[in-house]
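User: I would like to go through the reasoning behind some of the labels used for this structure. Please set each value against its cut-off before you conclude.

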Amino acid sequence: MVSPVTVVKSEGPKLVPFFKATCVYFVLWLPTSSPSWFSALIKCLPIFCLWVFLLAHGINFLVSHRSASRILAGLIFSAVGDAFLIWQEQGYFIHGLLMFGITHILYSSAFGMKPLDLKAGLLMGVVSSSCYAFLYSYLSGPFTYLVAVYIALIGFMGWRAVAGVQLCNDLWTWTKLSACVGAMLFMVSDLTIALNEFCFPVPYSRFIIMATYYAAQMLIALSAVETRDEEDFRKRS
């Protein structure tokens, strides 16, 4: 098993553009009340850097690294969703919701269905159902159904990420743990969005949402690196 120190030394420098772009977003802290293409660019820039990070590892749609390519595709839909959410007050919130729903489908497919781990699935089902039960009374119109579908999708994605870790059997790797933590942070980010959008103002909501979101995407992108290597190994075997 590769040690975390080795991983940091090998992958850390390649993520420097991502960290710089993230710092630019938080330093500029452009007001959400004045949406523009420039603010969309600044918000999406860290995700663009993760595209480059994966492409630098040879992950693309021309080479058959299916799981890793799905994570790359998920990042692309995420960036489109980010852009839509810049104009959420102008009626594009549902468009962003749709893009991130597709992202979760792609990530779930990348994480795979083995091992199944029904206990983790049951736990994630309880958590997801509890979140929706809390939000339900605040929802109206199409959001009553759209939020239910979205929670089901992100809950399923979280289940598949958690199932891959297998801590009890000592079969985990640092990248599977990375995917798991990334999925959990994604859920925290989206739950904060839902609470702030539909229920009540959450203190420091924007910071919480974006900090957990960028961290989640970085960790999920990191998980694609080993996925690519595992597929190459299976082909050579």
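User: What makes Gly 101, in helix 5 (residues 93-111), count as buried or exposed?

Analyst: In this predicted model, Gly 101 has a relative accessible area of 6%, and because buried means under 20%, Gly 101 is called buried. Leaving aside neighbours within four places in sequence, Gly 101 is in contact with Tyr 150 and Leu 153. The C-alpha atoms of Gly 101 and Ile 151 are separated by 9.0 Å, although these residues are 50 apart along the chain.

User: Which class does Ala 133 fall into, buried or exposed, and why?

Analyst: Ala 133, which is found in helix 6, has a relative accessible area of 55%, and since exposed means over 50%, Ala 133 is classed as exposed. Its C-alpha atom is separated by 9.5 Å from that of Ala 148, 15 residues apart along the chain.

User: How do you know how helix 6 is oriented relative to helix 7?

Analyst: Helix 6 (residues 118-136) and helix 7 (residues 143-163) pack at an angle of about 155°, with their axes 9 Å apart. Because angles over 145 degrees count as roughly antiparallel, helix 6 is described as roughly antiparallel to helix 7. The crossing of helix 6 with helix 7 is right-handed. Among the residues of helix 6 in this contact are Gly 121, Met 124, Ser 128 and Cys 131, while those of helix 7 include Ala 148, Ile 151, Gly 155 and Trp 159. By class, the contact of helix 6 with helix 7 has 12 nonpolar, five polar and no charged residues.

User: What is the orientation of helix 2 and helix 3, and why is it given that name?

Analyst: The angle between helix 2 (residues 16-28) and helix 3 (residues 37-56) is about 160°, and their axes are 8 Å apart. With the threshold for roughly antiparallel set at over 145 degrees, helix 2 and helix 3 are therefore roughly antiparallel to each other. Helix 2 passes helix 3 in a left-handed crossing. On the helix 2 side the contact includes Phe 18, Val 24 and Tyr 25, and on the helix 3 side Phe 38, Lys 43 and Cys 49 are among the residues met. The residues of the contact of helix 2 with helix 3 divide into 12 nonpolar, one polar and one charged.

User: How are Cys 23 and Cys 49 classed by accessibility, and how many disulfides are found?

Analyst: Cys 49 has a relative accessibility of 16%, and because the limit for buried is under 20%, Cys 49 counts as buried. Cys 23, at 48%, falls between that limit and the one for exposed, over 50%, so Cys 23 is partly exposed. A disulfide would need a pair of cysteine sulfur atoms within 2.5 Å, and a search of the whole structure finds zero disulfides.

User: Why is Thr 192 placed in its accessibility class?

Analyst: Thr 192, in helix 8 (residues 174-199), has a relative accessible area of 8%, and as this is under the 20% limit, Thr 192 is buried. Apart from neighbours within four places in sequence, Thr 192 is in contact with Val 202, Ser 205, Ile 208 and Ile 209.

User: What does the protein consist of in terms of helices and strands, and what percentage of its residues count as buried?

Analyst: The protein has nine helices and zero strands, and 46% of its 237 residues count as buried. Among contacts between residues at least 6 apart in sequence, 76% join residues at least 24 apart.

Notes: Residues are numbered from 1 along each chain as its sequence is written. This is a predicted model: local features need pLDDT of at least 70, side-chain atom pairs count only at pLDDT 80 or more; totals for chains, interfaces and linings use all residues. Side-chain values use heavy atoms; hydrogens and water are left out. Axes are lines fitted to C-alpha atoms, for helices over the stretch in contact, and angles run from 0 to 180 degrees between N-to-C directions. Helices (H or I, at least four residues) and strands (E, at least two) are DSSP runs, numbered from the N terminus. Angles under 35 degrees count as roughly parallel, over 145 as roughly antiparallel, 65 to 115 as roughly perpendicular and the rest as oblique. A crossing is left-handed if the near helix is turned anticlockwise from the far one by less than a right angle, and right-handed if clockwise. Contact means heavy atoms within 4.5 Å. Ala, Val, Leu, Ile, Met, Phe, Trp, Tyr, Cys and Pro count as nonpolar, Asp, Glu, Lys and Arg as charged, and the others, Gly among them, as polar. Buried means under 20% relative accessible area, exposed over 50%, partly exposed in between (1.4 Å probe, protein chains only).
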